[in-house]
Each structure stands twice: as structure tokens, then as C-alpha cells.
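User: Could you walk me through the enclosed spaces in this protein? I'd like to go one question at a time.

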Amino acid sequence: MATRIPLWKKLNISSLMVGAGCVLAGTASASLHGNLEIFPATLCLVFAAFAQLAANMANRHHDEVNFLGRIIDMKLSTEPQPTDTWMLKECAVSMFLLSIMVGLAIMTMAGWWVLPIGIFIIVAGWLSCNGATPLMHTPFSPFLAFVMFGPVCVITTSLTQSQHEATHSFGWYDMAPAIYVSIVAGLLATNATLVYNYSDYYSHLRNSRVSLATELGRKGTRVVFLTISILALAMAVWACLALNLNLAGLDMLPPALTFIINIYIWIQMRRLPRYKLSRLRTVANLNVLLLGLLAMIIFLITGTPDDSVKTYFGN
């Protein structure tokens, strides 16, 4: 008999740290040149949470309806559960509609350019969770994570804040920090997706489910994970040099710390038994959040003072 679990355990709450970390990384990019705006940043954070929850539930709904891979191994759906699948579908639609509402609010602050990005997010989200072969069930899922959490999330968050006052001003001065940081954050999000694929490696093989890990093998996945970790650190060093940051040593603290955590994950990927590998998912997700949070704090200290005329706290 199938084991029924509460709905909240199907939401993959840990993954929300990736979206939150990338929003904070975008906010850090804006604060570097004095463009931090509290309200737009908060709306971007809420949008990321709703959009991720919608995607998580749509992905789980697809698996349960089609009785795919990991769902069988976890004994969640060895027989039809119409009530559970109906709830997942309704919750996914609800989260999607809430994200649309928040996205429209963001567009009123940033301008029309948010609309095509929103359409891209909707299309990419649908392709990743629906259809005969969702992108999340293919070797392209790490690349999708890089694009969505890196350039799309970080750059949009940063520009939403810089455009809140100076609309239609897309100069290199405002965009450069976000571009560099988006690559670093996107690479860490890619690693988080690789850890998910790696921890489900044997389950995917048993159920003929394809992922980048099953295509590369365990050793190949570890090599790619380490390579991406090194690239993220190298990009951070290049960003500090290219942007001529003050106190460059302090600005390197977030990527250096996240690199150390990536090395820890890489070592544990080989040492841990397969039934404990799922623990690394939370560590990899937390790593993205740590990058965004520390970068925002440090850039607020070392960056250009806030020159905004719109203040929420004090004069």
C-alpha cells in the first residue's frame, strides 16, 4: 500500500534557498553602485518563492500522475491517489497565479522590459515541468537552472531596483555587477541541480529516467561539479578585478567560502553511502543562499552609498 505523506513534504522547501540566494545576489549587485531599493527587492523575493513553489508542485504532479521514477521508489504513488494529485494541481495553479500578480507589480516599478522576461519564465517553467518529456527530466536540467537562477533571476532583480528611479537606463555601470554575479550564482545553482541528480542516480537508473548524472556516470558528475566550482571562483576573482572593487579581499569572502563548501560537497559525494547523499542537497542549496546573503552584506559596506531619493527608513 502506498505511503501517504503531507503535502508540505512534497514542496521541496529546501530548494527555495536557491531562488532566495539569487534574489539576494541581484540585490547585492544593485547595492554595489547605490541602487538598492527595499520594496522592489522584497517583491522579487516573493515572486521567486511563488514561482519556485509552482514549479515544484507542477513537477511533483507530473511525476505522480505518470508514476515516474523516484515516486515509485519512495512508495508515494504505487496506486492512484486522485485527492493528492488534485491538490498538487490546484496548489501549483494557485502559486502560479500569485507569482503572476507579483510579477505585474514588479513591472509597474521597473517598466515594460519585465514583460518579455516574464513570458520567458512562464514558457521555460511550463517546458521544465510539463509535456511528454519535461526539461527537468532530461540532461538539460542543470543548464536550465543556470539560466533561470543566474542571468534571469540575478540580472532582473538588480535592474528592477536600478530602474525603479531611472527608468530605461541600461548602462554598463548598472548592469556590469549583475552580469558578473549572475554567472557565479548561476554556476552554484547548477551545482545544486547536479547534487539532486547525483543523489538520485541509482533511482534514475532503476526506473530508466535520464539525467545528466546518468549520462556522465558518478565519476563524471563529480568531475563536472568540481570544474563548475573552480569556474565560479575564477569568475568571482575576475569580477573583483574588472569592477575595481574596494577592499577586494573582503569582497572575495563569499565566493571563497562557497568554494570551500563546494569542496566539502565534492568530497562527500564520493564518501557518503547512497542512502545519505540526499543530505547534500540542503548543503548545496544553502551554499547559494550563503553567497547572496554575504555578498549583499559586504557590498552594502564596500559599495557606493545609496543615492536614492526614495527612502523607507529614516531620512
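User: How many residues of each class are in the lining of the second largest cavity?
Analyst: This is a predicted model, where local features need pLDDT of at least 70, side-chain atom pairs count only at pLDDT 80 or more, and totals for chains, interfaces and linings use all residues. Residues are numbered from 1 along each chain as its sequence is written, and side-chain values use heavy atoms, with hydrogens and water left out. A cavity is a set of points on a 1 Å grid over the protein atoms alone where a 1.4 Å probe fits but cannot get out, and lining residues have an atom within 4 Å of a point. Ala, Val, Leu, Ile, Met, Phe, Trp, Tyr, Cys and Pro count as nonpolar, Asp, Glu, Lys and Arg as charged, and the others, Gly among them, as polar. On that basis the lining has six nonpolar, three polar and no charged residues.

User: Which element gives the largest share of the lining of the second largest cavity?
Analyst: Helices here are DSSP runs (H or I, at least four residues), numbered from the N terminus. Among the lining residues are Pro-255, Thr-258, Phe-259 and Asn-262. The largest share, four residues, comes from helix 11.

User: And what is the volume of the largest cavity?
Analyst: The whole structure holds two cavities of 30 Å³ or more. A volume is the space filled by probe spheres set on the grid points, which are joined across faces, edges and corners. For the largest cavity, that comes to about 190 Å³.

User: Which residues lie nearest the centre of the largest cavity?
Analyst: Its lining divides into 15 nonpolar, no polar and one charged. Of the 16 lining residues, those nearest the centre are Val-181, Ala-236, Asp-251, Pro-255 and Phe-299.

Conventions. On a 1 Å grid over the protein atoms alone, a cavity is a set of points where a 1.4 Å probe fits but cannot get out, and a pocket is an open set with protein on both sides within 12 Å along at least five of seven lines; lining residues have an atom within 4 Å of a point. Helices (H or I, at least four residues) and strands (E, at least two) are DSSP runs, numbered from the N terminus.
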